[in-house]
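Hello,

Here is the structure I promised to pass on to you. Please have a look at it first, and my notes follow below.

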Protein chains: 2
Amino acid sequence: MSDNCIFCKIVAGEIPARKIFEDSDLIAFHDIHPAAPVHFMIVPKEHIASLADAHARHEALLGRMLLLAPILAKDQGLNDGFRTIINTGKGGGQEVMHLHIHIIGGGNLRAL
Amino acid sequence: MSDNCIFCKIVAGEIPARKIFEDSDLIAFHDIHPAAPVHFMIVPKEHIASLADAHARHEALLGRMLLLAPILAKDQGLNDGFRTIINTGKGGGQEVMHLHIHIIGGGNLRAL
């Protein structure tokens, strides 16, 4: 856990979140500022600051995060598809420095 | 390999692409219609139609795709960060039905 990291505080239960999934390694919850009708995030419990800070030992964890995305998207009613986004670093628009995958859908997504 | 899949044809060398990386499992090349100053894709050589068609046996492959993203982004000069996007299904804006990760950066990315 990293001090003053909002996602670490959600993992620790110190800040509430609308959780949709949790296991020993991952947690998923709705974004408080949704960019689409459905917008949730999949977050590793381990504090990894960004995708650029992930190491080879995180390979399986990262793979699991991606495999979980379509399962949770379907749970949330996104039967027609969804978009998965990871922002890395300031130039990538990353706002919380704890690795997270956004999953959005349910509306007309902008072209890439 | 899937017939009439443009990415399978790039993997097979039947269609040219501006490749930036290749190993036994993955290939990366520039998008022919870039959405940002830098825009490339990481693609598994195996034909997996979408993220929703990936299985548990693809966990390590998916993890490797994500671990490769920051390495190639840096190679392409994206030192300040980048955005990683996977579109899944029609509702997610997927245009080529062969799993691929877009990596974009180098300009002012829109808010999510």
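To start with the contact between the chains: how many residue pairs are in polar contact across the interface of chain A and chain B? The rule finds 10 such pairs, with both residues at pLDDT 80 or more. A polar contact here is a pair of N or O atoms within 3.5 Å; within protein, one must be able to donate a hydrogen and the other to accept it, and residues adjacent in sequence count only if both atoms are side-chain atoms.

A word on the source: this is a predicted model, in which local features need pLDDT of at least 70 and side-chain atom pairs count only at pLDDT 80 or more, while totals for chains, interfaces and linings use all residues. Residues are numbered from 1 along each chain as its sequence is written, chains are lettered from A and ligands numbered from 1 in the order in which they are written, and side-chain values use heavy atoms, with hydrogens and water left out.

Back to the interface. On the side of chain A that touches chain B, α2 (59–75) and β4 (82–88) each supply at least two residues. Helices (H or I, at least four residues) and strands (E, at least two) are DSSP runs, numbered from the N terminus. The largest share of that side, 9 residues, comes from α2(A). In all, 35 residues from chain A and 35 residues from chain B take part in the contact (heavy atoms within 4.5 Å). Between them the two chains bury about 2900 Å², 65% of it on carbon and sulfur atoms; this is the accessible area (1.4 Å probe) lost on being put together, summed over both.

The strands also meet across the chains. β4(A) and β4(B) (residues 82–88) run antiparallel and are joined by 7 bridges, where pairing needs at least two DSSP bridges between two strands. One of the partnerships is N87(A) with R83(B).

Now for chain A itself. Its 2 helices and 5 strands follow the order α-β-β-β-α-β-β from the N terminus on. Strands β1 (residues 19–22) and β2 (residues 26–30) of chain A run antiparallel, with 3 bridges, and a hairpin of 3 residues joins them. Within this pair, K19(A) has F29(A) as its bridge partner.

As for overall dimensions, the C-alpha atoms of chain A fill a box of roughly 35 × 30 × 25 Å along the principal axes.

Best wishes
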